[in-house]
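This report describes the structure shown below for a reader who has not met it before. It goes from a single residue to a whole chain, then to salt bridges, one helix and the contact between chains.

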Amino acid sequence: MGWFKRLKDGIITSTKDKKEAPDGLWYKCQRCKAASTLKEVRENFHKCTRCNYHIRIGSHDYFDLLFDGEYTEIATDIQSEDFLEFTDLKPYKDRLEAARKKTDLDDALSVAIGTVEEKPLVVAAMDFSFIGGSMGSVVGEKIARAIDYALTERTPLMIISKSGGARMMESAFSLMQMAKTSAKLSQLAKAGVPYFSFMTDPTTGGVTASFAMLGDINFAEPEALIGFAGPRVIKETIKKDLPEGFQTSEFLLDHGFLDFIVDRKDLKTRVGELLRLF
Amino acid sequence: MIFLDFEKPLENLYEQLEKIRQVGEQGDIDVSEMVQELEDKITNQRKEIYANLTGWQKVQLSRHPERPYTLYYIRHMCDTFVELHGDRRFKDDKAIVGGLGSLGGQNVVLIGHQKGVNTKMRQYRNFGMANPEGYRKALRLMKLAERFGHPIVCLIDTPGAYPGIEAEERGQAEAIARNLIEMAQLRVPVICVVIGEGASGGAIGIGLGDSVYMLENTWYSVISPESCSSILWRSWDYKAQAAEALKLTPDHMLEFGLIDGILQEPVGGAHAQPEEMAKLLQRHLQKTIAEFQDMDPDARIARRIDKYSKMGHYAAKPVTVAQPEEEK
């Protein structure tokens, strides 16, 4: 007879209710709280293995998912500068430096060329981890250069949006990037070079109101937040709760602003199909 | 007369002037000399105040309740004007107005944001905040202008595109984006002037053109100073600081090469002498239309796109020299 008596049999905290998962090995889903190993998540196209939540990933993850193998980055010789000497609670200069250090990226967008199912494609993909994926002069210029490349080589263009909108710290410069990117896209449309706009969580503000909504084909990942005004701003304006599912990919598809929604695991196949159909 | 907080010294002078005038009317004292003296003082004081306006003061002036709006200008500038309504898809937006007009004998299409002149009308005009159908009406009118070879005039004055549930359902973002891509390729001259507030996507949604001018006491920015304060400073109290940080005045915008010029307002602002302002605006529009009208349409479009392609400021990335690997 033992000195201690177990009152309840078995471990009673299920894995999903466990308070923390150690970094480096485990991924705890933001939505369903289920834990999976990082390896499992990676093999599942960076999605939760239980609820299929599409984890926010970066530009280079998308390049790896899409391209057949090797790809070449272009327009890598520019970076943002605090031209306006913008200071709120923190100087923009410091924000830029911190973002570069944290992400190892030049800015919130990278452009790469490669092939998808053996068809050439230019992909410009955004990084939310770089100041909320905000669009400033560098993002606008990189998109312009991606369009120039697509025009010269007559190669289709795909832009993967993931952004909170325009970058406030570049004030009117960032606003004018809406005009700049749209004006450049008008050249692409005129030349008859296809442009695919792929929206991921989140795509809002000036990005949605310029290049993201202008694809020959507009499509999105499931359950992404896509809109013009942010949900908080709308809620404050109308002083009412927002309906469930408002501003999701499914909402936009239903209202006629998307051609289809694609699961990340089918992304490459779908883009390959599109490339063959144009 | 409505005085803004920084116009207080003027208000005091006007009060004094009024008192002296009353004295003059009641008694037999000749006050004309004193009146003259005060009027000179007012003129000088006004010049002084208006010569050194801060960003936030320009924002306040752009929202002055007596400031003329689009329809005021149109009625004072055009010999004939027929307002046209509706986007042919959903409804007629009251926050953006437009129609066919004659400007000094030249047929044009005029489009602009419209604010209300009193409480009831402000609601009717949704405070100048357009829904998607407003932008789609604007595009419909621009296409009409293109079809008949009429130059397009866009007058910008909005605190932003309306952030509402229905606006999102009907594609606010798509409507603005569509205008941008279509305006870039319009085969007729597109002449834009910021006459009041130039807030964000709502402003640029009718603001991509061959020539973009700003009136002297207006602003243009990616976000209103209030929202900027609320997001970056996490409080509504830093709007004056935000206005400075955003560098949103016409002088800054011209210095940055983001607009093509500034149109001076009469002393005391457009609201002090609205008829004079309308004359100045008309002269500017006719001159600018003449400047762009004879250009070959393809060359004009190429010039327009080229102008926007150059907008942006960035630095060359410092070249990192690869460290030679140490031999092992």
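## A serine in chain A

Leaving aside residues up to four places away in sequence, Ser197(A) touches Ile159(A), Phe211(A), Ala212(A), Gly215(A), Ile217(A), Asn218(A) and Phe219(A). The model is predicted, and this applies to every value below. Ser197(A) belongs to strand β8 of chain A, which covers residues 195–203. One of the residues in touch with Ser197(A) is Ile159(A); the two are 38 residues apart in sequence, yet their C-alpha atoms are 5.2 Å apart in space. Another is Ala212(A), whose backbone oxygen is reached by the side chain of Ser197(A) at 2.5 Å.

Is Ser197(A) buried or exposed? Its relative accessibility is 0%, so Ser197(A) counts as buried.

## Chain A as a whole

Chain A contains 9 helices and 10 strands. Its C-alpha atoms fill a box of roughly 85 × 50 × 40 Å along the principal axes. Chain A has 278 residues, and 54% of them count as buried. Among the contacts in chain A that join residues at least 6 apart in sequence, 67% are between residues at least 24 apart.

## Salt bridges

Over all chains, a search of the whole structure finds 37 salt bridges. The table gives four of them, with the distance from N to O.

| Acidic residue | Basic residue | Distance, N to O |
|---|---|---|
| Asp241(A) | Lys235(A) | 3.5 Å |
| Glu11(B) | Lys8(B) | 3.2 Å |
| Asp92(B) | Lys137(B) | 2.7 Å |
| Asp106(A) | Lys317(B) | 3.0 Å |

The surroundings of these pairs can be taken in turn. Asp241(A) has a relative accessible area of 62% and is therefore exposed. Its partner in the salt bridge, Lys235(A), counts as partly exposed because its relative accessibility is 41%.

Glu11(B) and Lys8(B) both lie in helix α1 of chain B (residues 8–26), 3 residues apart, which is about one turn of the helix. In an α-helix there are 3.6 residues a turn, so residues three or four places apart point the same way. Glu11(B) is partly exposed, with a relative accessible area of 24%, and Lys8(B) is partly exposed at 42%.

Asp92(B) and Lys137(B) form a salt bridge that links distant parts of the chain, 45 residues apart. Asp92(B) is in the loop between β1 (80–83) and β2 of chain B, while Lys137(B) is in helix α6 of chain B. Both Asp92(B) and Lys137(B) are buried.

Chain B also holds a network of salt bridges, which links Arg63(B), Lys115(B), Asp157(B), Glu197(B) and Glu226(B).

## Helix α6 of chain B

The helix that carries Lys137(B) runs over residues 132–147 and has 16 residues. From first C-alpha to last, α6(B) reaches 23 Å, close to the 22 Å expected at 1.5 Å a residue.

Which residues of α6(B) are buried? They are Pro132(B), Glu133(B), Gly134(B), Tyr135(B), Lys137(B), Ala138(B), Leu139(B), Leu141(B), Met142(B), Leu144(B) and Ala145(B). Their cover includes the strands β2 (96–103), β3 (106–113) and β4 (152–158) of chain B, together with the helices α7 (165–169), α8 (172–184) and α9 (200–204) of chain B. Just after α6(B), Gly149(B) has a positive phi of about 70 degrees.

## Where chain B meets chain A

In the contact between the chains, 52 residues of chain B meet 57 residues of chain A. Glu168(B), His313(B) and Tyr314(B) supply 14% of the area that chain B buries against chain A, more than any other three residues. The area buried between chain B and chain A is about 4900 Å², and carbon and sulfur atoms give 71% of it.

How many salt bridges cross the interface of chain B and chain A? The rule finds 1, and Asp106(A) and Lys317(B) meet in a salt bridge. The count of residue pairs in polar contact between chain B and chain A is 18.

On the side of chain B that touches chain A, at least two residues each come from α7, α8, α9, β7 (219–221), α10 (225–232), α14 (297–309) and β9 (314–316) of chain B. The largest share, 9 residues, comes from α8(B). By type, the residues on this side of chain B are 32 nonpolar, 10 polar and 10 charged.

Conventions:
Residues are numbered from 1 along each chain as its sequence is written. Chains are lettered from A and ligands numbered from 1 in the order in which they are written. This is a predicted model: local features need pLDDT of at least 70, side-chain atom pairs count only at pLDDT 80 or more; totals for chains, interfaces and linings use all residues. Side-chain values use heavy atoms; hydrogens and water are left out. Helices (H or I, at least four residues) and strands (E, at least two) are DSSP runs, numbered from the N terminus. The expected span of a helix is 1.5 Å times one less than its number of residues. Buried means under 20% relative accessible area, exposed over 50%, partly exposed in between (1.4 Å probe, protein chains only). Contact means heavy atoms within 4.5 Å. Buried area is the accessible area (1.4 Å probe) that two parts lose on being put together, summed over both. A salt bridge is a side-chain nitrogen of Lys or Arg within 4 Å of a carboxyl oxygen of Asp or Glu. A polar contact is a pair of N or O atoms within 3.5 Å; within protein, one must be able to donate a hydrogen and the other to accept it, and residues adjacent in sequence count only if both atoms are side-chain atoms. Ala, Val, Leu, Ile, Met, Phe, Trp, Tyr, Cys and Pro count as nonpolar, Asp, Glu, Lys and Arg as charged, and the others, Gly among them, as polar.
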